[in-house]
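Subject: Structure for your review

Dear colleague,

Please find the structure below, followed by an account of what was found in it. I would be grateful if you could read the two side by side.

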Amino acid sequence: MKAVVWQGKRDVAVEEVPDPRLQEPTDAIVRITSTGLCGSDLHLYEVLGPFMSEGDIVGHEPMGVVEEVGSGVGDLRPGDRVVVPFNISCGHCYMCDQGLMTQCETTQVTEQGMGARLFGYTKLYGAVPGGQAEYLRVPHADFGPVKVPDGPADDRYLFLSDVLPTGWQAVEYAGVDAGQTLLVLGAGPIGDMATRIALDRGDRVITAESVPERLDRVRAVGAETIDLDAIDVEVGEQVRGMTQGRGADAVIDAVGMEAHGSPATSTVQKLVGLLPDALAEPLMSYVGIDRLAALSTAIDSVRRGGTISLSGVYGGTATPLPMLTLFDKQIQLRMGQANVKRWVPDILPLLTDEDPLGVDTFATHHLPLDDAPAAYRMFQEKKDGAVKVVFRP
Ligand SMILES: NC(=O)c1ccc[n+]([C@@H]2O[C@H](COP(=O)([O-])OP(=O)(O)OC[C@H]3O[C@@H](n4cnc5c(N)ncnc54)[C@H](O)[C@@H]3O)[C@@H](O)[C@H]2O)c1
Ligand SMILES: [Zn+2]
Ligand SMILES: [Zn+2]
């Protein structure tokens, strides 16, 4: 089959690789019909190289048709149309029972001290072959795959794999009451979707971003916007000016560590990029490579006693944080990968012909898998209006 494989920094290729095979009774093989390109893939593309191996199949936002099943997959059948959540979880352990599928005790990558396995996401998360491919082996298929009805085009359901539950969890964790003000940093797919979900709930949403077409998209659905390139003051000051001097009741950071290939990438990131993997890996894990621009903005912009909800991915363990300010402002921090299956039942009722979240028109590009190398570049450089790219293998 064809698959998108990681080759090195800013280098992916489409290659012929062996078809996946059933290995466990709870496996299924899914023929992929649509599969998303995510801001998280840009971290692999830009800075997480030390945790990747050449030839790793990337991608974690797939959907398609079940082709083959093991003997232990419950009522999943060949021919079923399914969305595959990006986290792999068992559905019946202590963590899964609490809706913490990202911490699943059956699939935790204990040798790395990490949480549940993820598709296509470094050896930290189990080096599981990913979903930007023609076929995908889905472990724990007795629990993971979400069956969806035939009829609507793939995009109606595709974003259940990641973007929708991630945006949903970001808003849940932000915990604003109706009518309160939510600041969203970043209007990539995640910030954009979080904005739509919060607006649908009746919150006041201010979204900060610098890419013009991304600002246009969130403005069109009813957000107030801050154009980072057009203000002379810090974002925090701008937000206080819009909130009676107080700051936002909650802030969602939908940016994460530097993944944008900007020339200003920090010295540490550059240094890590130059080191052989054996040296770079411990440096990244223990020293941290995060540029904290967005998180610092969140800490400054949130009101006293407010909440910061991090969905942007950060990577280092010893990244310095302004503890005095966090403590004094009595800020609550919530974060993590999205517990996909926990939120699916809440989101499904919104995926209707009325389409209140605009999922049917959310993707900006539908491309064949062969275009992956150019698509990664376009998405990272934010060219050609690329906000959400969907591959159709
Ligand atoms: N928690 C999860 O489960 C989960 C799931 C998916 C993605 N993510 C993470 O969410 C983040 C966003 O993903 P995406 O797909 O939207 O990616 P993206 O890279 O397209 O979006 C990030 C956006 O932030 C903007 N930005 C950069 N610096 C900023 C700043 N200082 N202030 C405000 N905006 C800024 C960029 O212009 C860009 O539009 C990534 O870190 C990704 O890894 C997390
Ligand atoms: Zn994703
Ligand atoms: Zn579990």
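How many of the residues of α1 are buried? The count is 8 of 8, so that the helix is mostly covered. The buried residues are G39, S40, D41, L42, H43, L44, Y45 and E46. They pack against three strands, β1 (2–8), β2 (11–16) and β3 (28–37), and also against α5 and α13 (372–381). Please bear in mind throughout that this is a predicted model.

Ligand 1

The helix α1 also matters for the description of the ligand shell. With 4 residues, α1 gives the most to the shell around ligand 1. That shell comprises 33 residues, of which G39, S40, G186, G188 and G256 come nearest to the ligand. The elements that supply two or more residues to the shell are α1 (39–46), α5 (189–200), β9 (204–209) and α10 (293–301). Sorted by class, the shell holds 16 nonpolar, 14 polar and 3 charged residues. Both domain 1 and domain 2 take part, each giving at least three residues to the shell.

Overall architecture

The domain assignment divides the protein chain into domain 1 (2–162 + 339–391) and domain 2 (167–335). The centres of the two domains, taken over C-alpha atoms, are separated by 24 Å. In secondary structure, the chain comes to 13 helices and 15 strands.

The C-alpha trace spans about 60 × 50 × 45 Å along its principal axes. For 393 residues, a compact globule would have a radius of gyration near 21 Å, and the 20 Å of this chain agrees with that. Buried residues account for 51% of the 393 residues. Among contacts between residues at least 6 apart in sequence, 72% join residues at least 24 apart.

Nonpolar core

The largest nonpolar core contains 114 residues, and those with the most contacts inside it are V30, L182, L185 and A194. Helix α4 (residues 163–174) contributes the largest share of this core, namely 7 residues. The core draws at least three residues from each of domain 1 and domain 2.

L182 may serve as an example of the packing. Leaving out residues up to four places away in sequence, L182 touches A174, V176, A198, D203, R204, V205, A248, D249, A250 and I252.

Individual residues

Which residues have a positive phi although they are not glycines? Two can be reported here, T122 and H140. For T122, phi is about 70°. T122 is found in the loop between α2 (94–97) and β6 (135–138). T122 counts as buried because 23 other C-beta atoms lie within 10 Å, where 20 or more are required. For H140, phi is about 50°, and this residue lies in the loop between β6 and β7 (146–147). H140 is likewise buried, with 26 other C-beta atoms within 10 Å.

Two further residues may be of use when you inspect the model. The first to consider is D155, in helix α3 (residues 155–158). Is D155 buried or partly exposed? D155 is partly exposed, because 19 other C-beta atoms lie within 10 Å and a buried residue needs 20 or more. Although D155 and A363 are 208 residues apart along the chain, their C-alpha atoms are separated by 7.7 Å. A363 is one of the residues that D155 touches beyond four places in sequence, together with V359, D360, F362 and V390.

The other is S309, found in strand β12 (residues 302–310). S309 counts as buried, with 28 C-beta neighbours inside 10 Å. Apart from neighbours within four places in sequence, S309 is in contact with A170, Y173, A174, A250, I252 and R334. A174, A250 and I252 are also among the residues that L182 touches. By way of spacing, S309 and A375 are 66 residues apart along the chain, and their C-alpha atoms are separated by 29 Å.

Yours sincerely

Technical notes: Residues numbered from 1 in each chain as written. Chains lettered and ligands numbered in written order. Predicted model: local features only at pLDDT ≥ 70, side-chain atom pairs only at ≥ 80, totals over all residues. Near = placed C-beta within 6 Å. Nonpolar A, V, L, I, M, F, W, Y, C, P; charged D, E, K, R; others polar. Domains from an automatic or database assignment. Core = buried A, V, L, I, M, F, W, Y, C linked by C-beta atoms within 7 Å. Buried ≥ 20, exposed ≤ 12 C-beta atoms within 10 Å, placed from the backbone. Contact = placed C-beta atoms within 7 Å. Rg over C-alpha atoms; globule rule 2.2 N^0.38 Å.
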